[in-house]
Amino acid sequence: MAAISLCVLLGACTCSFALNPSLDISQYARTTWRVRNGFSLGNIYAMAQTPDGYFWFGTESGLVRFDGVRRVAWQPPAGQQLPDKGAYSLLVTRDGTLWIGTFSGLASWDGASLNNYPEFDKRFVTSMFEDREGTVWAGTLGGSLGTGTGRLCAIRRGSAQCYSQGDAFGSFVWGLAEDASGALWAGSEAGLWRWKPDAPKHYPMPHMRISDLVKGDDGRPLIAVNGAGLQQFTRDRVEPFPIRDASDPKRVLRDRDVDSNKLLRDRDGGLWIGTVAHGLIHVHDGRADTFGKSDGLSGDIVMSLFEDHEGNIWVATTGGIDRFRELPATTISVKQGLSSDAVDSVVASADGSIWLATYFGLTRWRDGQATIFRKADGLPDGYVQSLFQDDRGQTWATFSGHGLGYLKDDRFMAVTGVPSSEVYSITGDKAGNVWLSGNRGLSHLRDGHLIEHFPWSALGRHQQAKVIVFDPERGGLWLSFWTDGGVEYFKDGQVRASYTVADGLGKGHVPGLRLDRDGVVWAATEDGGLSRIKDGHITTMTTRNGLPCNTIHWSIEDNDRSLWLYAGCGLLRIARAELDAWIADPTRRIGTTVWDAADGVMLHSSSPNSYGPPFAKSIDGKLWLLIGEGVQVVDPHHLAFNKLPPPVHIEQIVADHTMYWQNLPGPASSSVRLPARTRDLQIDYTALSLTAPDKVHFKYKLEGQDPDWREVVNDRQAQYSNLPPGPYRFRVIASNNSGVWNEQGDSLEFSIAPAYYQTNWFRALCAMLGLGVVWAIYRIRVRQLHHDFALTLDARVAERTNIARDLHDTLLQSAQGLLLQLEVLSQMQKDRPIEAKEKLAEIIDRTAKAITEGRDAVQGLRASTMQTNDLARAINTLGEELATDPANHESPAFRVTIEGEPRDLHPILRDEIYRIAAEALRNAFHHAAARQIEVEIRYDDQQFRLRVRDDGKGIDLSVLSRQVSEGHYGLPGMRERAKLIDGKLVVWSEIDAGTEVELRVPASAAYAAAEKRSWLSELLAKK
């Protein structure tokens, strides 16, 4: 894993910061996990941190691993186990090994294997220590219940050597430490032992029970003794170590108040004492302050102490766990000497003093000491509101309903005649002029006397100015307003300039106004960000420029000219380079550093300060800010900065609610293979920054899926859905609360197996099948084209045949009749000229009619007859014409009969039936020599039937059997037409018995022809 590269860094850890030892415990940030809130691990006897960054708790119920957010009960590898489930003492050595002292033995865990040491079987391991030579020392209780003799054991190169000194140790060895010279010290029931170098030497401590040892300020051991306070070894003997009360340096804490149980020396020299019944004691330079359950500690009985890699102090009590870390701002409150935690305004004096206006007096803070001026010292009231420090060094103060005054030589001088009963802001110039923004107007004083007063109505305002600032370059006043908003420039009794939202000023009230050394006015607005007014031009910085929020209460500049903002989302810092870049380009996005509620900054949606000023800069460059209870002090040159990049670990992979990989003890798997059809994938990861886990930023990317990094804050789980099969690599990096990134992070390779339909062979098979289908479609299409071409040829042949039939049935028949009449005419010309002339006229009419019939036949190939044509009527008309034709030798009787309800036939179908009937009738009239000819048309639900009967001479059987006669196409044409319309033609004939032609067409073809056409009718319709 990638975190291995950080092991040496974390072990040496010269880059991390420690807590400022000069601060009181209450001035550190504290995070508490309480038992009553669900953080129940039982008694926590020991704490440790391994090089991979994980935090470990040794508890009565076992070993617990913690990442600052999640805790997991640790389980050894399969087939291995600890000597006892309860872990009492923990030690991480320089090689990264975690040593676990239990109630019944000792084990070591190197990250891959768990080793037990038989020399400690059934023995309670009370304490452990690694000396500068790398030897691990362990003290034990005599037997698991303390019934035997205590022992001191040294573990070197995997083997242990134990010493009992007969029974000189007594029943236990409890507490191990190394002094500045490298000597090893051990506490036992019988007293203190200097074990090495040289021969062991015993220093008896009768009636004292040693509970812990630590190196003192002078390099010699300090000894925690239950009920006897803190002892020190000096001048070759043990004597009391006095601890003075931080609140009263003259008072030494009593031994019973320092009932020490656990000791910790932090890396910056601070001494932490965990007591049996009085909580926590912090000692620096011989001064101590206490912090117990009544102050917010999880409990008064301290079980263990520990300092982690980032310099945080961890305290385990019977009520939970507390973590202390340094904040960017140090709080000074009542505990440090203020008269009240409610501070309304603050100013800095040229002599280094800081003046604070509180509810219970005026406080001067100087050299870490507070001097309080109260009503008994001459103040008109204890509730101090607004402050101002003039160029003469006089501190001006206003009081709730009791006017105005100033301190001169620590004596209060009252000022009378001021119309306003409350003053919200004060400013002045070098000439001794003082201006007041009060509830009744703007007042001008000189040498303590009222010179001018301007009611707010005279300035066009309904309420007072929130802040007033004197402009030494222009000689006027800048005013910002809370209720009505806006900024104005006032000079010589008149408003000379006014700026509002319409001019580019930020929206909302203007609770903060400041003039910088360049003459630029900075206006903080409640809803519109921070506005900059320069030479009448306004530019405004908002969230569009990178601010985390638009609610700005006020601003201040430090000695490096970096800009500090108190905003609704926290305390912000903008470096000067970023600010200059924004001034040059107001559309630019800037970078900011943010401290929020997790850093002890109170968040307000509107300005919390009614009076002013709410900030000051002391002569040493420190910023004094009112951003919470008391006053907060920020040293811009010594900010608590976490330089340690957090170790990053991928902890587990869960696919479809099933665990497939977990960062368990033992060798890590090189890759993970997930099953086919994995739908929901969850990857858990973490970063080991214990200072502020909720402010850890993560970036992760799934190579093979994500095109770019995804960034989240304190979200320790990535989820993916419906990933396609294939190899993947998950990468994650993280940054700590100070923005320091571990760019290497951690990574894990895994793959998702393909389903059978996602394999290459399946794709190849599908490709082959696809090609086969394409080839089959191609062949079918070729065949279809061949078929269509054949149909086209057949249609052309059919068309030519149809033309031939029509010519035979119409034009040729008519021509043959005309030929016979012309023969008759040629015989009549000589004998009967008049009758011949009439006959010629008749022949001319018949010729014209034949031409019309031929034209109609050709037209019928292109289009059908009219839909309104009646088949029976057409056949009847044709029969009457044939009956009157003089070319016929006989004049047979003719009739048409209809059976059933007549139904509509498709025009093309009807034309074909008509032509079949016409051919049969012509044959009957011209060739049959019949006396009677009858046409029967029958409509029924099964079929359409047409029957043509005559009683003539019939058809020669040889012609009927061959179905064709040389030079005649009538009978074959009738059969072809019947076939085209899906019909059946039956011809019956006998010599001298007549002829019968019957056509049968199925109802589905006949009556549905209007909707369901044959291919020929479709083709003919297109043509």
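## A selection-by-selection tour

Start by selecting aspartate 599, which is buried at a relative accessible area of 4% (buried means under 20%, exposed over 50% and partly exposed in between, with a 1.4 Å probe and protein chains only). Before you go on, note that this is a predicted model, in which local features need pLDDT of at least 70 and side-chain atom pairs count only at pLDDT 80 or more, while totals for chains, interfaces and linings use all residues. Residues are numbered from 1 along each chain as its sequence is written, and side-chain values use heavy atoms, with hydrogens and water left out.

**Stop 1: the partner of aspartate 599**

Now add lysine 695, also buried, with a relative accessible area of 15%. Lysine 695 and aspartate 599 form a salt bridge, with 2.6 Å between the closest N and O atoms (a salt bridge is a side-chain nitrogen of Lys or Arg within 4 Å of a carboxyl oxygen of Asp or Glu). Lysine 695 sits in the loop between strand 61 (680-687) and strand 62 (697-703), and aspartate 599 in the loop between strand 54 (593-595) and strand 55 (615-617), so the pair ties together parts that are 96 residues apart in sequence. Helices (H or I, at least four residues) and strands (E, at least two) are DSSP runs, numbered from the N terminus.

Next, select Arg895, Glu934, Glu936, Arg945, Arg947, Arg949, Glu996, Glu998 and Arg1000 together: salt bridges that share partners join them into one network.

**Stop 2: two further pairs**

By the salt-bridge rule, the count comes to 43. To see one, select glutamate 651 and arginine 70, whose side chains meet with an N to O distance of 2.9 Å. Glutamate 651 belongs to strand 58 (residues 648-655) and arginine 70 to the loop between strand 4 (62-66) and strand 5 (71-73), so this pair ties together parts 581 residues apart in sequence. Glutamate 651 is buried at 13% relative accessible area, whereas arginine 70 is partly exposed at 27%.

Then move to glutamate 307 and arginine 267, a salt bridge with its closest N and O atoms 3.1 Å apart. Here glutamate 307 is in strand 27 (residues 302-307) and arginine 267 in the loop between strand 23 (260-265) and strand 24 (271-275), 40 residues apart.

**Stop 3: a helix pair**

Select helix 6 (residues 907-927) and helix 8 (residues 970-980): their axes come within 10 Å and cross at roughly 160 degrees. The axes are lines fitted to C-alpha atoms, for helices over the stretch in contact, and angles run from 0 to 180 degrees between N-to-C directions. Helix 6 is thus roughly antiparallel to helix 8 (under 35 degrees counts as roughly parallel, over 145 as roughly antiparallel, 65 to 115 as roughly perpendicular and the rest as oblique).

To light up the contact (heavy atoms within 4.5 Å), show Glu912, Arg915, Ile916, Glu919, Ala920 and Asn923 of helix 6 with Gly970, Met974, Arg977 and Ala978 of helix 8.

**Stop 4: a covered helix**

Jump to helix 2 (residues 576-584), where Arg576, Leu579, Ala581 and Trp582 are buried. Add the elements that cover these residues, including strand 48 (521-524), strand 49 (530-534) and strand 53 (570-574).

**Stop 5: a loop glutamine**

Finish at glutamine 394, in the loop between strand 35 (384-389) and strand 36 (395-399). Glutamine 394 is buried, at 11% relative accessible area. Which residues should you show around glutamine 394, leaving aside its neighbours within four places in sequence? They are Phe388, Gln389, Tyr406, Leu407 and Lys408. The C-alpha atoms of glutamine 394 and lysine 408 are 5.8 Å apart, with 14 residues separating the two along the chain.
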